[in-house]
Amino acid sequence: MNQKAIIFDLDGVIVDTAKYHYLAWKTLASKLNFDFTEAQNEQLKGVSRVRSLEILLDLGKIHLEADQKKQLLEEKNEQYLQYIAQMDQKEILPGIDNLLHYLNLNKIPFALGSASKNARLILEKLDLIHLFGAIVDGNDVSTAKPDPEVFLLAASKLGKKPEDCIVIEDAKAGIEAANLALMTSIGIGGGKVLKEADFVLNDTSQLTIDFVQKLMA
Ligand code: BG6
Ligand code: MG
């Protein structure tokens with residue numbers, strides 16, 4: 001049997017940055033005079049920065065010119081980066097540090113498949129980047145999740161067939177992308193949002209070494 005590989009999403013799977021994306025978008029929405037709820041934020045998870053702004057502006061029924069959008073994207077990222085600057089290893093999600101070190105030690109291949117253009121910066125800051133066999137992020141792809149490009153590229157960088165890959169995701173767009181790539185999908189978080197995942201876990205603490213070993217078998 002072929003050795004399977006794991007592809008991890010970053011925000012909301014490895015590190016608790018999903019809340020910072022939300023807070024930065026919420027600030028932008030208040031500046032534009034509308035409220036942006038956590039439930040609405042589910043639509044932005046896993047989605048590229050540019051597409052997230054489009055969804056946000058649609059929710060606020062706001063039309064802006066390209067240069068104004070560019071300015072808002074810069075503001076959002078600046079605020080997000082201020083949160084990231086304060087972040088440390090305590091914000092690695094439960095069980096993840098242990099799992100990544102276990103996989104690395106046991107030579108089980110794994111990659112990052114993230115929409116974020118800040119992914120490398122964040123992994124460096126958390127001192128996790130050296131553990132990954134391959135990294136594919138928002139700088140490497142031309143189409144964003146739910147398109148499967150990011151995961152297919154990660155699989156090819158690991159030298160794996162899509163059907164031998166397991167994707168771990170907290171976003172609806174990410175689960176869709178994994179399913180379209182014909183990979184096994186594991187959803188982290190609310191079962192309602194992630195109901196299309198092959199397996200749904202409440203949080204990363206359930207992503208135990210035992211669970212992963214069973215998946216690999
Ligand atoms: C995804 C997040 O991982 O990355 C989205 O779930 C975010 O919320 C996207 O918009 C892009 O991130 P960044 O860091 O390039 O703005
Ligand atoms: Mg995510």
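This passage walks through a predicted model, starting with the domains and ending with the backbone.

The chain splits into two domains in the assignment used here: domain 1 covers 5–16 + 88–216, and domain 2 covers 18–84. Their C-alpha centres sit 24 Å from each other. As for how the two domains meet, 16 residues on the domain 1 side are in contact with 14 on the domain 2 side.

Much of the packing can be read from the nonpolar cores. In soluble globular proteins, nonpolar side chains tend to be buried together. Here the largest such core counts 39 residues, and the ones with the most contacts inside it are F8, I14, L103, L128, F132 and L207. Helix α5 (residues 96–105) supplies the largest share of that core, with five residues. Both domain 1 (5–16 + 88–216) and domain 2 (18–84) contribute residues, so this core lies between them. L207 gives a feel for how the core is wired up: once its neighbours within four places in sequence are set aside, L207 touches I96, L99, I168, I186, I188 and L201. There is also a second core, separate from that one, with 17 residues, among them A5, I7, V141 and A181.

Next comes the metal site. The magnesium ion (ligand 2) picks up its donors from D9 (OD), D11 (O) and D170 (OD), at distances of 2.0 to 2.1 Å. Written along the sequence, the spacing of these donor residues is D-x1-D-x158-D. D9 and D170 therefore bring together distant parts of the chain, 161 residues apart: D9 belongs to the loop between β1 (5–8) and α1 (18–31), and D170 to the loop between β4 (165–169) and α8 (172–180). D9 and D170 are both buried.

Turning to the aromatic side chains, the structure has five aromatic pairs. A pair of aromatic rings is described by the distance of the centres and the angle of the planes. For Y20 and Y83, the ring centres are 5.0 Å apart and the planes are at 10 degrees, so this pair is stacked. Y20 is part of helix α1 and Y83 is part of helix α4 (residues 66–86), so the pair ties together parts of the chain 63 residues apart in sequence. The two rings fall into separate burial classes: Y20 is buried, at 11% relative accessible area, while Y83 is partly exposed, at 24%.

F199 and F211 make an edge-to-face pair, because their ring centres are 6.0 Å apart and their planes are at 90 degrees. With F199 in strand β6 (residues 199–201) and F211 in helix α9 (residues 209–216), the pair ties together parts that are twelve residues apart in sequence. F199 comes out as partly exposed, at 36% relative accessibility. Elsewhere, F8, F110 and F132 form one aromatic cluster; F8 and F132 also appear among the residues with the most contacts inside the largest core. A charged side chain joins in too: K76 lies over the face of Y80, 4.7 Å from the ring centre.

In domain 2 (18–84), helix α3 (residues 49–59) has a run of buried positions, namely S52, L53, I55, L56 and L57. An α-helix has 3.6 residues a turn, so residues three or four places apart point the same way. The cover over the buried residues of α3 includes α1 and α4.

A few spots in the backbone deserve a look as well. K61 follows α3 and lies in the loop between α3 and α4. Its phi is positive, about 50 degrees, although K61 is not a glycine. K61 is exposed, at 75% relative accessible area. N33 tells a similar story: its phi is positive at about 70 degrees, and N33 is not a glycine either. N33 is found in the loop between α1 and α2 (38–41), and at 72% relative accessibility N33 counts as exposed. Finally, the peptide bond from K145 to P146 is cis, with omega near 15 degrees. P146 itself is located in the loop between β3 (134–136) and α7 (149–158).

Conventions. Residues are numbered from 1 along each chain as its sequence is written. Chains are lettered from A and ligands numbered from 1 in the order in which they are written. This is a predicted model: local features need pLDDT of at least 70, side-chain atom pairs count only at pLDDT 80 or more; totals for chains, interfaces and linings use all residues. Side-chain values use heavy atoms; hydrogens and water are left out. Donors are N, O and S atoms within 2.8 Å of the metal (3.2 Å for Na, K and Ca); water is not among the atoms, so sites may look incomplete. Helices (H or I, at least four residues) and strands (E, at least two) are DSSP runs, numbered from the N terminus. Buried means under 20% relative accessible area, exposed over 50%, partly exposed in between (1.4 Å probe, protein chains only). A nonpolar core is a set of buried Ala, Val, Leu, Ile, Met, Phe, Trp, Tyr and Cys residues joined through side-chain atoms within 4.5 Å. Domain bounds come from an automatic or database domain assignment. Contact means heavy atoms within 4.5 Å. Rings of Phe, Tyr and Trp (its six-membered ring) pair if their centres lie within 6.5 Å; planes under 30 degrees apart count as stacked, over 60 as edge-to-face and the rest as tilted. A charge sits over a ring if NZ of Lys or CZ of Arg is within 6 Å of the ring centre and within 35 degrees of the ring normal.
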